[in-house]
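Let's walk through this fold together, from its sheet and cores out to its ring pairs. Keep the viewer open as you read.

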Amino acid sequence: MTVHFVTALYIGLKGTRYNGSPEALYERYRQSLRSLAKGGYGIVCYTDNKHLEELQEFYKEYPNVQIIAEELSDFYYHDAIEKIKNKNTKYMTCPSWETRCVEIMWGKFYWLMRHAALAETNAPIFWIDAGIFHSGLIHEKWKTESSDNVFDFDRITQGRDLYADLVKH
């Protein structure tokens, strides 16, 4: 599979030392990424072992989606991040950090580099946030009557070649 997009879908981190998006956004993330998957793009999605089987089942109709389990505690900088959080607890309690997981923020560069190094060509590989397709960010005009849920912005993900557009620009 040619990888076009790399992303991560870690959920249930809010209120933990990792911090992250609330559980309520899980369906948005899954359906938004599914909208992209329906476009046929090669997608690699990182998640934890806890959600691996469920996500593999959810995307089973899309062989262009590869789900990889990687625990955030195994991230190269995890221990260093924990030391910083122990020294300065604002990185766990400050409202601007409560929905941000540093392991994911830094991890995306490592995941991108990993897949760029494995690529058969020097074609670009892009990071895309799993939950990017929602009406708080993208106007409803980018949906058609064929859109099958509120996060399926099919004019962007299936009605054009989003990957080619990104490469071009």
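Is helix H1 largely enclosed by the rest of the structure or not, and how many of its twelve residues are buried? Eleven of the twelve are buried, so H1 is largely enclosed by the rest of the structure. Before going further, please keep in mind that this is a predicted model.

You can find H1 at residues 26-37. From its first C-alpha to its last, H1 reaches 16 Å, close to the 16 Å expected at 1.5 Å a residue. Its buried residues are not limited to nonpolar types by name: the list includes Arg28, Arg30, Gln31 and Arg34, along with Tyr26, Tyr29, Leu33 and Leu36. The buried residues of H1 pack against strand E1 (5-8), E2, H2, E3, helix H7 (154-157) and H8.

Next, the sheet. It is an open sheet of four strands in the order E3-E2-E1-E4, and the pairing is parallel. E3 and strand E4 (126-127) stand at the edges, each with a single partner strand, so one side of each is left without a neighbour in the sheet. As a reminder, strands of a sheet pair through backbone hydrogen bonds, either parallel or antiparallel.

E1 and E2 pair in the parallel sense over four bridges. Along this pairing, Val6 stands opposite Val44 in E2, and Ala8 stands opposite Tyr46 in E2. On the other pairing of E2, five bridges join E2 to E3, and here Tyr46 stands opposite Ile68 in E3. Tyr46 therefore makes a handy landmark to select in your viewer, and at 1% relative accessibility it counts as buried.

What about the burial of E2 as a whole? Five of the five residues of E2 are buried, so E2 is largely enclosed by the rest of the structure. Ile43, Cys45 and Thr47 point one way from E2, while Val44 and Tyr46 point the other way. E1 can be read in a similar manner: Phe5 and Thr7 point one way, Val6 and Ala8 the other way, and all are buried.

Those directions are useful when you turn to the nonpolar cores. The largest has 25 residues, and within it Phe5, Leu9, Leu36, Ile43, Tyr59 and Phe133 touch the most other members. Helix H1, strand E2 (43-47), helix H2 (49-58), strand E3 (65-69) and helix H8 (162-168) each supply at least two residues of this core. H1 gives the most, with five residues. Ile43 shows how such a member is surrounded: leaving aside residues up to four places away in sequence, Ile43 touches Met1, Phe5, Thr7, Leu33, Leu36, Ala37, Asn64, Val65 and Gln66. Apart from this core lies another, of 14 residues, among them Val3, Val44, Tyr46 and Leu112.

Now for the rings. How many aromatic pairs does the model hold? The count comes to 15 aromatic pairs. Tyr46 and Trp111 form one that is stacked, at 4.7 Å centre to centre with 10° between the planes. Tyr46 lies in strand E2 and Trp111 in helix H6 (residues 102-118), so the pair ties together parts that are 65 residues apart in sequence. Like Tyr46, which is buried, Trp111 counts as buried, at 2% relative accessibility.

The rings of Tyr77 and Trp106 have their centres 5.8 Å apart and their planes at 85°, so this pair is edge-to-face. This pair also links distant parts of the chain: Tyr77 is in the loop between E3 and helix H3 (78-87) and Trp106 in helix H6, 29 residues apart. Here the rings' residues are partly exposed, Tyr77 with a relative accessible area of 30% and Trp106 at 37% relative accessibility. Ring pairs link Phe75, Tyr76, Tyr77, Trp106 and Tyr110 into a cluster.

Charges sit over rings too. The charged end of Arg30 sits over the ring of Phe58, 3.7 Å from its centre, and Arg30 is one of the buried residues of H1. Lys143 lies over the face of Phe153, at 4.9 Å from the ring centre.

One last stop is Asn19, in the loop between E1 and H1. Phi of Asn19 is near 65°, a positive value in a residue other than glycine, and at 3% relative accessibility Asn19 counts as buried.

Terms used. Residues numbered from 1 in each chain as written. Predicted model: local features only at pLDDT ≥ 70, side-chain atom pairs only at ≥ 80, totals over all residues. Heavy atoms only, no water. Core = buried A, V, L, I, M, F, W, Y, C linked by side-chain atoms within 4.5 Å. Buried < 20%, exposed > 50% of the residue type's maximum accessible area, 1.4 Å probe, protein only. Contact = heavy atoms within 4.5 Å. Expected span 1.5 Å × (residues − 1). Phe/Tyr/Trp six-rings, centres within 6.5 Å; stacked < 30°, edge-to-face > 60°. Lys NZ or Arg CZ within 6 Å of the ring centre and 35° of its normal. Pairing = 2+ DSSP bridges.
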